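Me: I have a structure to go through with you. Can we start with the cysteines?

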Amino acid sequence: MEEEGTVDIVIVGAGISGLSTAVGLHRLGIRSMVLESSDKLRATGFAFTTWFNAWKAMEALGVSQHIRHLHDLLQGWVVGHISPGNPSKEMLFPKSEEYESRCVQRKVLLETLADELPQGTIRFSSKVVHIELSGYYKMVHLSDGTILKTKVLVGCDGVKSVVGKWLGFKNPVKTARLAIRGLTHYPQGHGFGKNFFQFYGNGVRSGFIPCDPNTVYWFLTHTCTELDKEKNPENLKEFVLNKLKDLPENIKSVVETTDLDSMVMSRLKYRPPWQLLWANIAKDNVCVAGDALHPMTPDIGQGGCSAMEDGVILARCLGEAMKGKGEREEEYKRIEQGLKKYAGERKWRSIDLITTAYTVGFIQQSTGKWMNLLRDKFLSSFLSRLLLKKAHFDCGSLLVP
């Protein structure tokens, strides 16, 4: 095995939280190394809705204007039942910063963040297989035999986080729901305007969201079990179209015209919120962020948004800890306290978002007669307001006030 030199901060995972943390540190003049197991940036999921809190994080990271320029500002919601005979309801967003929402392509965001980093920051094809202690350092073993020595180890490596397991986290819990997602391109323009279309009922929740004049992101979550091991994208498309058979033709055409290689299916997972009550979000000079910390169902659109929150807050806490001078022991204690501060700020926010997302998904996809009546008549507007309420969070700037 080959041991390389000491790296101040190693971030495992070049996803939204990992790159956000790296960019935040770079803005503070702190170099980090990002390890990515894949040979390139991965954009699974295709796109996600960004709300007020995501834009505050992007402003702190210095990428908001570029991302705004490439994605349309959503004007409101069109919400309806997936079965015929139920008129849709339209809700326009007030023209306010608090209601800024756009559907951002994940690939565009990752590439934008990566472009902000110094050359060589991201190390591809670098899979972490083992972590061990070495005094005040952590030794990070890679699958190619390389060993990295680091002062700080940050796990942004998703739901199967190696760093999370080292901290004692259990694997996320699988739900009874599957999600099928797709991205459709219209060279001549899609003509859907700038609304978020959402349909629910009969155990299904589906949405269609324009990213820009030529691109529409769509998703469908459901409680079906027969597709658990389905790999054929043609069968997935047929399944989705069958669930959407009563919707208007222009909505169904989004799925019909999706390229088969622009579709993906996954089982929805989440971390039971009570696990975070006693979990080690941070221990010594190690912590986790993003899906490694708070995997949640997508029902309030906060997975990617909260991952950017994590990145800004973690970079700020680490920046404060790393700026002082002194002996290695003193630096280690500052890092430990900085990561504890980060963990304290993120624990209850994570618990709140996980719980809300799961509850909203349960209500929206319920098939019970009385729950359907309650949801359709009284809860739909409440759930929309609840989503906006959870998005009203400001992670602050990178500098300590």
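Reply: Sure. A disulfide here is a pair of cysteine sulfur atoms within 2.5 Å. This is a predicted model, where local features need pLDDT of at least 70, side-chain atom pairs count only at pLDDT 80 or more, and totals for chains, interfaces and linings use all residues. Residues are numbered from 1 along each chain as its sequence is written, and side-chain values use heavy atoms, with hydrogens and water left out.

Me: So how many disulfides does the structure hold?

Reply: Zero. Cys 211 is in none, though the sulfur of Cys 103, the nearest cysteine sulfur, is 3.6 Å away.

Me: Why is there no bond for Cys 287?

Reply: Because its closest cysteine sulfur, in Cys 156, is 7.1 Å away, which is too far.

Me: Is Cys 287 buried or exposed?

Reply: Buried, because its relative accessibility is 0%. Buried means under 20% relative accessible area, exposed over 50%, and partly exposed in between (1.4 Å probe, protein chains only). Cys 211 also has 0%, so that residue counts as buried.

Me: New topic. Which strands pair with β11?

Reply: β15 (residues 263-270) pairs with β11 (residues 173-185), antiparallel, over seven bridges. β14 (residues 215-222) is joined to β11 by eight bridges, also antiparallel. Two strands pair if DSSP finds at least two bridges between them. Strands are DSSP runs (E, at least two residues) and helices are too (H or I, at least four), numbered from the N terminus.

Me: Which residue is opposite Arg 181?

Reply: Phe 219, in β14. For Leu 178, the bridge partner is Arg 267 in β15.

Me: And where is Trp 348?

Reply: In helix α10, residues 328-364. Trp 348 counts as exposed because its relative accessibility is 56%.
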